[in-house]
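Please look through the structure below with an eye to how its aromatic rings, its strands and its loops are arranged. The paragraphs that follow take these topics in turn.

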Amino acid sequence: MSTMDPLTVSADNPRYLTPLSGAQRAVYLTGSHIWNNFHDGMGPAGTAPKDLDYGAYLDFLAARGHNFIRLWRWEHFRSQAAGGAFELNMTPQPWRRDDSGRFDLSRFDPAYFRRLRERVEAAGDRGMYVAVMLFDGWALHLSPALDNVEGHPFHAANNINGVGITSILDHQVLPLDPAVQALQEDYLRQVVDTVHDLPNVLYEVANESSGGGAADAEMAAVLGVPSGTDWGDSTGWQYWVIEFVKDYERQQGYQPRPVGMTMQFPVPDQAKVNAPLFDGPADWISPGFDDDLFRDGAPVSRWWLDPPAADGRKVLITDSDHVAPGHAEPVWVWKAFLRGHNPILMDYGLIDGTDPAGDPSPGAPPFAAFEPARHAMGDTRRYAETIDLISMMPRGDLTSTGYALADPGAEYLILHPGGGTFTATVASGTYAVGWHDITSRSTSTGERLTVANDEPTTFTTTGPAVLHLKRLT
C-alpha cells in the first residue's frame with residue numbers, strides 16, 4: 001500500500017508541488033510517458049497492436065529513477081495518426097457495449113474504472129505520481145477524417161442513447177448540448193470517485209485540445225478535412241472541467257488533487273499559446289511553443305533551446321512533446337530543471353515496448369536513442385531530493401552559463417551545458433564542492449571552496465556538467 005503524500009502547490013515556492021500535509025519540501029516530478037500506458041490497441045496499420053506490459057513499464061521507470069506518469073486517455077475506439085499509417089484503436093472505454101457492439105452511454109463499464117484504479121495504485125506502490133488524463137483533446141480534430149468523429153463513442157452510429165456529435169465543437173467547446181454535458185459530468189464524477197483517495201493522483205484535462213485556430217491548407221490535406229475547418233476554442237470548456245472537478249471534490253469532502261491544463265493546438269497566435277494556461281484556474285500547466293521558431297517550421301522552441309525561468313505563477317510540468325517533438329537530450333532535462341521546471345519526456349522510444357527486439361516499427365525511433373534523456377531525468381530527481389529545493393530559485397544571473405538554482409549564501413546548483421570555463425558569483429563562505437558529469441553520469445567531490453568576497457569565481461569543465469556548492473561555514 002502506498003505511503004505517498006498527496007500534493008498541493010507550495011506556498012513557499014510555487015514552482016513546485018509539496019505534500020498536502022504541510023511538510024516543507026518540494027516534490028520534483030519527472031518521467032517518461034507513452035500513448036498506450038493505459039489503453040490497448042496501438043500500433044502500425046496492418047499489424048497486431050503493440051500493447052504495453054504495464055508492470056514492465058513501471059519497472060522500467062523505477063530503474064531509471066522516474067516518479068511521474070502522464071496516464072493517457074484515448075476516447076476513440078478507432079482512429080489513426082501519421083496520415084493513417086499508425087492506428088489508435090483504443091480499449092477499454094468507460095461505457096458498456098450492447099450485443100450490437102454499440103455503446104450504452106448510461107452504463108459504465110466497471111472494467112475501465114477497475115483498470116484505472118489498479119494502474120494508479122501500482123504506480124503508487126513504486127513511489128510514482130500519476131496525472132490522470134480526463135479527456136482526449138487530440139483525436140477529434142488532429143486525427144484523419146472520417147474516424148476523427150466516426151470512431152468516437154459519441155458519434156450517433158456508435159451509441160444507443162441518441163447522442164450524435166459531429167466535431168470537436170460538440171464535445172469540447174462551450175456551450176455544450178445538455179445531454180453531452182450531462183454525460184461528461186457523470187464520467188468526471190466516476191473518475192474522481194474511483195481514484196480520489198489515492199495519494200499519488202493528479203488530474204489533467206486533455207492533451208492538445210483546440211485553442212481557436214483553424215486548419216491551414218497543408219494540415220487540412222493531411223487530415224482530409226476542408227481548409228479553414230473551424231475547431232473552436234476549448235479554453236472555456238477546460239476551465240469548466242477544472243472547476244467542476246474542484247467543486248465535486250469539495251462537495252464530497254474529498255482531499256483536493258492538483259489539476260493541470262496542457263498546451264492547446266492549433267491557436268490563432270502561436271506567440272500567445274501559453275496565455276490561457278497561465279491565466280486559468282489550473283494548478284499546474286504543460287506549456288508549449290510560443291515563438292517564431294514554430295511558425296518558421298523549425299523543430300524546436302526556445303522552451304527547448306533556452307527554457308524560460310519559472311516565475312512561480314504556475315507549476316510547470318514541461319513536456320518534450322510540446323516544445324521539441326521527437327527530441328530527447330539529457331542537457332535539455334538539466335536546463336529545464338535548473339530553470340525551475342519539472343521536465344517530462346514524450347518517449348517515442350517506447351512505441352515497441354520497454355524491451356524491444358528487432359527493428360523498430362515503421363516511423364518509430366530506436367529505443368536506445370532516448371536512454372540518455374531517461375537517465376538524466378532520474379539524475380535530476382536525485383539532485384532535487386538531495387538539495388534544499390524548496391528554498392532555491394532560478395538564478396541564472398549568478399553565473400555566466402545562465403543556469404542555476406540557488407539559495408544565495410547557502411546552496412547553489414549550476415549547469416554548464418557545454419564545456420570549458422565559466423564563472424559563478426557565490427556569497428562569501430566555505431563550501432563543499434560536488435560535480436556531476438552529464439555524459440558519463442559520474443559524480444565526484446572537489447576540494448572545499450572558500451570565497452572571501454562576493455565576487456565571480458572561475459570553474460572549468462571538460463564537457464556538460466553540474467556544479468553543486470553547499471555551504472559549510
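How many aromatic pairs does the count come to? In this predicted model, the count comes to 25 aromatic pairs. One of them joins tryptophan 95 and phenylalanine 154, whose ring centres are 5.4 Å apart and whose planes meet at 50°, so the pair is tilted, since an angle over 60 degrees would be needed for edge-to-face and one under 30 degrees for stacked. Tryptophan 95 belongs to strand β8 (residues 95-97), whereas phenylalanine 154 is found in the loop between α4 (147-150) and α5 (169-172), so the pair ties together parts that lie 59 residues apart in sequence. Both partners are withdrawn from the surface by the cut-off of under 20% relative accessible area: tryptophan 95 is buried at 6%, and phenylalanine 154 is buried at 2%.

A second example, tyrosine 112 with phenylalanine 113, is an edge-to-face pair, with 4.9 Å from centre to centre and 70° between the planes. Here again the two residues are buried, tyrosine 112 with a relative accessible area of 3% and phenylalanine 113 with a relative accessibility of 5%. Beyond these two pairs, Trp35, Trp72, Trp74, Phe86, Trp138 and Tyr348 come together as one aromatic cluster.

Aromatic rings also have charged groups over them. The charged end of arginine 313 sits over the ring of phenylalanine 278, at 4.0 Å from the ring centre, and arginine 374 lies over the face of phenylalanine 367, with a distance of 4.2 Å to the centre of that ring.

Turning from side chains to the backbone, strand β20 (residues 429-437) and strand β21 (residues 443-451) run antiparallel and are joined by 7 bridges. Within this pairing, threonine 430 stands opposite threonine 450 of β21. The two strands form a hairpin with 5 residues between them, and in that hairpin arginine 441 takes a positive phi near 65°.

A last stop is the loop between α6 (178-195) and β11 (201-206), where proline 199 lies. Is proline 199 buried or exposed? With a relative accessible area of 15%, proline 199 is buried, because the value falls under the 20% cut-off. Proline 199 also illustrates how positions separated along the chain can meet in the fold, since proline 199 and proline 6 are 193 residues apart in sequence and yet 4.4 Å apart in space, taken from C-alpha to C-alpha.

How values were computed:
Residues are numbered from 1 along each chain as its sequence is written. This is a predicted model: local features need pLDDT of at least 70, side-chain atom pairs count only at pLDDT 80 or more; totals for chains, interfaces and linings use all residues. Side-chain values use heavy atoms; hydrogens and water are left out. Helices (H or I, at least four residues) and strands (E, at least two) are DSSP runs, numbered from the N terminus. Buried means under 20% relative accessible area, exposed over 50%, partly exposed in between (1.4 Å probe, protein chains only). Two strands pair if DSSP finds at least two bridges between them. Rings of Phe, Tyr and Trp (its six-membered ring) pair if their centres lie within 6.5 Å; planes under 30 degrees apart count as stacked, over 60 as edge-to-face and the rest as tilted. A charge sits over a ring if NZ of Lys or CZ of Arg is within 6 Å of the ring centre and within 35 degrees of the ring normal.
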